[in-house]
Amino acid sequence: GTGNGTVSITILCTALSTTVSSSIVCVGEEVVLHAESTGTGTISWSGGITDSVAFTPSVGTTTYTATSTDGDDCGFSIDIFVGEFPTVDAGTDVSICEGDSVNLTGTGTANVWNWSGGVIDGDWFTPPAGTTTYTLTGEVDSTGCQTTDDVNVAYNVINPTVSISGATLTANQSGATYQWIDCADSSNVTGATSQNFTPQQDGDYAVIINLGGCSDTSACETVAGV
């Protein structure tokens with residue numbers, strides 16, 4: 001039926017004024033819990049927690065409860081979840097030759113992968129010449145917990161040119177290994193394995209340059225008047 005009536009609301013207790021710094025954190029991170037009575041109550045927390053003092057909770061989910069000495073105050077409970085940092089492996093260092101490309105793929109327990117340098121996980125790309133360090137950040141999206149790992153990518157670009165000064169030939173690529181050859185028959189010149197080479201007789205000579213597992217051969221240069 002219908003009609004006029006009276007609704008009686010009885011307030012059983014008064015809510016505490018509370019502050020929680022974060023309810024989801026990573027291993028080793030601190031949490032601060034604060035509860036305050038609107039009356040005259042003194043607050044105590046379960047688990048040995050001191051009000052407003054930072055502490056490091058255990059891995060997993062733990063419920064912390066605040067109670068007041070004022071009987072008119074309600075209790076307060078909060079679940080704090082502590083997530084573990086993911087395992088992240090950026091892979092082993094890579095050395096490639098000019099004209100080649102490389103792909104970097106992260107492995108581990110993360111489910112979000114972000115590479116530095118604009119690299120997209122698993123996609124092929126050509127790095128700049130020299131050695132570049134790429135940083136992989138792996139994240140667990142549900143907690144925001146992150147771990148990083150680095151990998152070095154060496155992109156070996158060989159300068160195959162040779163300079164001539166008098167009767168001395170010099171490979172313009174430094175920091176490599178060298179083998180000078182006689183262009184007449186493409187044979188190795190015995191003992192000619194330095195960056196500089198002075199032939200003992202006139203002829204045409206070139207150098208095979210090895211750098212980071214990559215190889216290139218210069219053009220033949222003519223030496224006369226030895």
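Q: Accessible areas here come from the Shrake-Rupley method with a 1.4 Å probe. On that basis, what does the accessible surface of the chain come to?
A: About 12,600 Å². Carbon and sulfur atoms hold 47% of that surface. Keep in mind that this is a predicted model.

Q: And how much of the chain counts as buried?
A: Of its 226 residues, 31% do.

Q: What about secondary structure: how many helices and strands?
A: Zero helices and 22 strands.

Q: Is the chain a compact globule or more spread out?
A: More spread out. Its radius of gyration is 36 Å, whereas the globule rule gives 17 Å for 226 residues, so the chain is well over that value. The C-alpha trace spans about 120 × 45 × 25 Å along the principal axes.

Q: What share of the contacts links residues 24 or more positions apart?
A: 49%, counting contacts with a separation of 6 or more.

Q: On to the sheets. What's the strand order in the one with β2?
A: β2-β6-β5-β4. That sheet is open, with four strands and mixed pairing.

Q: Why do β2 and β4 each have a side without a neighbour?
A: They stand at the edges. β2 (24-26) and β4 (43-45) each have a single partner strand, so one side of each has no neighbour in the sheet. On average, neighbouring strands there are turned by 25° against each other, ignoring direction.

Q: How do β5 and β6 pair, parallel or antiparallel?
A: Antiparallel, over seven bridges. β5 covers residues 60-68 and β6 covers 76-83. One bridge joins G60 to V82 in β6.

Q: What holds paired strands together in general?
A: Backbone hydrogen bonds, in either the parallel or the antiparallel arrangement.

Q: Now the sheet with β8. Which order?
A: β8-β14-β13-β11. This is an open sheet of four strands with mixed pairing. The edge strands are β8 (94-97) and β11 (112-115), and each pairs on one side only. Neighbours in this sheet are turned by 25° on average, direction ignored.

Q: How many bridges between β11 and β13?
A: Four, in the antiparallel sense. β13 runs over residues 130-140. W113 has G138 of β13 as its bridge partner.

Q: Different spot: where does S218 sit?
A: In the loop between β21 (214-217) and β22 (221-223).

Q: Buried or exposed?
A: Buried. Its relative accessibility is 6%, and the cut-off for buried is under 20%.

Q: Which residues does S218 touch?
A: P160, V162, A206 and V207, leaving out residues up to four places away in sequence.

Definitions and conventions. Residues are numbered from 1 along each chain as its sequence is written. This is a predicted model: local features need pLDDT of at least 70, side-chain atom pairs count only at pLDDT 80 or more; totals for chains, interfaces and linings use all residues. Side-chain values use heavy atoms; hydrogens and water are left out. Two strands pair if DSSP finds at least two bridges between them. Helices (H or I, at least four residues) and strands (E, at least two) are DSSP runs, numbered from the N terminus. Axes are lines fitted to C-alpha atoms, for helices over the stretch in contact, and angles run from 0 to 180 degrees between N-to-C directions. Buried means under 20% relative accessible area, exposed over 50%, partly exposed in between (1.4 Å probe, protein chains only). Contact means heavy atoms within 4.5 Å. The radius of gyration is taken over C-alpha atoms; the globule rule is 2.2 Å times the number of residues to the power 0.38.
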